[in-house]
Each structure stands twice: as structure tokens, then as C-alpha cells.
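Reader: I am in my first year and still learning how to read a protein model, and I would be glad of a close look at a single part. Could you take one helix and lead me slowly outward from it to its surroundings?

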Amino acid sequence: MPVLYLSHGAPPLLDDRLWIEELKAWRSRLPVPEAILTISAHWESNPISLSSSGKVPLVYDFWGFDDKYYQLEYAAPGSAKLAGDVDQLLQGAGLSVYHDEGRGLDHGAWVPLMVMFPEATIPVMQLSLPSLNPTELFDLGMALAPLRDEGVMIIGSGFFTHNLRALRWDLGSNAAPPSWSLEFDDWGARALADGDVDQLLNFAHVAPAANLAHPRTEHFAPLFVTLGAGGDGQIVNEIEGFWFGLAKRSLSVGS
């Protein structure tokens with residue numbers, strides 16, 4: 001099963017026709033997974049936590065949007081089997097896992113899944129980010145990699161550049177991206193094309209405009225889980241472009 005990193009966006013992206021078309025086209029190229037394990041920028045917890053294996057409400061972890069976004073539902077089931085498999089793999093890597101049975105999927109998980117897997121019949125669970133350390137997250141991805149052989153699709157969900165305070169929202173979603181976003185995205189595209197994982201892991205020190213592209217790195221962090229789980233698989237850029245100046249680059253590994 002391929003591993004994904006996608007730029008998930010806020011709920012209004014569900015009204016962006018181009019973004020929806022891009023996600024649907026990507027979905028058409030993917031196999032149907034037995035289950036999905038997602039790692040979102042919006043859940044940081046150490047020790048590592050796993051979301052509910054049953055049905056619990058979604059997490060509406062956003063503010064100031066139209067009321068309609070707080071009425072959206074994505075009733076995908078959890079999976080006790082997936083929870084057990086994650087437990088076993090991470091314990092084998094010396095990591096303990098806390099089962100948060102009251103925790104549902106946050107918007108980093110359910111917004112893109114509503115578009116890509118709208119039937120909501122595939123079991124979905126979410127794993128927290130235990131830290132923002134690139135090497136630790138890469139190792140976490142490596143520990144989870146055997147899930148792929150069981151038909152589990154691992155999805156890292158963030159945003160390839162993410163600095164909301166530096167954006168000009170008044171310029172519209174199709175405005176030219178700021179230089180910091182453009183430069184970081186171009187650097188990232190080249191590093192991905194070269195398969196240069198070391199460069200990507202060391203992005204904070206070598207990427208242009210890294211501090212502006214990611215003043216805090218939680219939206220880039222899921223990429224490292226994806227790269228670790230992807231192993232030596234080919235990296236394929238699936239979606240490019242910008243939304244309100246943010247790079248929405250998304251990719252698969254080992255397709």
C-alpha cells in the first residue's frame with residue numbers, strides 16, 4: 001500500500017473546486033485500502049496516542065468559519081485490529097501507546113478523507129505526533145511500515161508551507177504566492193525529486209525561508225512519518241500549486 005503526505009487545508013477547501021478535483025483524481029490512482037492510519041498536524045501528544053477504535057464525534061478544531069462546517073460528518077468506523085497492530089509494532093520499537101477512546105478524527109484527517117473516501121466505510125484511526133523532531137518521526141514511520149503489507153494506507157496530513165500570519169487573505173485564493181512560500185516549495189520539490197531524505201530531515205537548517213514557511217513545524221512534521229514508512233519507495237508528486245499563498249504540494253511514496 002502506498003504512503004501519502006497531503007496538504008489538508010481548512011474546511012473551506014471543501015468548497016474549492018480545483019482542490020477537490022485534484023484529490024479525486026489522486027484517489028482514482030490509488031488502491032482501495034483495508035484501513036487508514038492518519039497522522040495529522042493537529043494532534044500532538046506524548047506518549048503517542050491512538051484515537052478511538054469505536055465511533056465518537058469528530059473534532060471540530062477550527063474557529064471563525066461558517067456554521068455549515070461544524071455540521072459536517074464523517075462516520076468512518078475505527079478498527080480494533082488496526083489498534084492492536086499499531087500497539088504491537090510500536091511496542092516492538094520500544095514505544096508505548098495510549099488509547100484515547102474519547103478522541104475522534106480532527107479536521108486534518110476528516111477534511112481530505114471526505115473528498116477522497118466519501119463513502120466512509122473504510123476504518124480510519126489517527127495517531128498523534130509524539131514530537132516535532134524529524135528523525136524521531138522518520139523512525140516512527142519506519143516502525144509503522146509493516147502495516148502497508150496488511151493493506152493499511154498511512155497518511156501524513158499537514159501543509160507543505162504554513163504561515164497564516166504572513167499571508168494576505170484579502171488577495172484571494174489564486175493570488176501569487178509570497179516569495180518565502182515559493183522558494184521553500186521549489187526547494188522541497190527538488191529534494192523530493194532527488195529522493196534526498198537527509199536534506200528534508202534537515203530542512204530547518206538548509207531550506208530557504210524555512211522559518212517563514214514554517215514558523216512552527218507541525219504541518220511539515222507528518223511528512224517525516226510518510227518518508228519513514230515509505231522506505232526506499234519512489235516519491236511521486238501528486239498535487240502542486242498554491243492556495244492563498246500556501247504550497248499544497250502532496251505526494252505518495254511507493255505507489
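Author: Let us begin with helix α3, in which H107, G108, A109, W110, V111, P112, L113, V115 and M116 are buried. Please keep in mind throughout that this is a predicted model. Because nine of the 10 residues of α3 are buried, this helix is largely enclosed by the rest of the structure. What does the cover over the buried residues of α3 include? Among the elements that provide it are β1, α1, β2, β5 and β6, and we can take some of these in turn.

The helix α1, which spans residues 17-28, packs against α3, which spans residues 107-116, at an angle of about 70°, and the axes of the two helices lie 8 Å apart. An angle from 65 to 115 degrees counts as roughly perpendicular, and that is why α1 is described as roughly perpendicular to α3. The crossing of these two helices, α1 and α3, is right-handed. On the α1 side the contact is made by W19, I20, L23, K24, W26 and R27, while α3 contributes V111, P112, V115 and M116. Sorted by class, the residues in this contact of α1 with α3 are eight nonpolar and two charged, with no polar residue. As you look at those residue numbers, it helps to recall that an α-helix has 3.6 residues a turn, so residues three or four places apart point the same way.

The strand β1, which is also part of the cover over the buried residues of α3, comprises residues 3-7 and is itself mostly covered, since five of its five residues are buried. From β1, the residues V3, Y5 and S7 point one way and L4 and L6 point the other way, and all of them are buried. This fits a broader pattern, for in a regular strand the side chains alternate between the two faces of the sheet.

Which strands does β1 pair with, and in what sense? With strand β10, residues 250-253, it runs antiparallel, and three bridges join the two; within this pairing, Y5 has L251 of β10 as its bridge partner. With strand β6, residues 152-158, β1 pairs in the parallel sense over four bridges, and here L6 has S157 of β6 as its bridge partner. The strand β6 is thus a partner of β1 and, like β1, it is included in what covers the buried residues of α3.

Two loops deserve a look as well, since each adjoins an element we have met. In the loop between α3 and β5, the latter being residues 124-129, we find A120, whose phi is near 55°, a positive value in a residue other than glycine. Is A120 buried or exposed? With a relative accessible area of 14%, A120 is buried, because buried means under 20% relative accessible area. The other loop runs between β2, residues 35-44, and β3, residues 48-50, and P47 lies in it. A cis peptide bond joins N46 to this P47, with omega of about 10°. The strand β2, at one end of that loop, is again among the elements that cover the buried residues of α3, which brings us back to the helix where we began.

Methods:
Residues numbered from 1 in each chain as written. Predicted model: local features only at pLDDT ≥ 70, side-chain atom pairs only at ≥ 80, totals over all residues. Heavy atoms only, no water. Axes fitted to C-alpha atoms, helices over the stretch in contact; angles between N-to-C directions. Parallel < 35°, antiparallel > 145°, perpendicular 65-115°, else oblique. Left-handed = near helix turned anticlockwise from the far one by under 90°. Contact = heavy atoms within 4.5 Å. Nonpolar A, V, L, I, M, F, W, Y, C, P; charged D, E, K, R; others polar. Buried < 20%, exposed > 50% of the residue type's maximum accessible area, 1.4 Å probe, protein only. Pairing = 2+ DSSP bridges.
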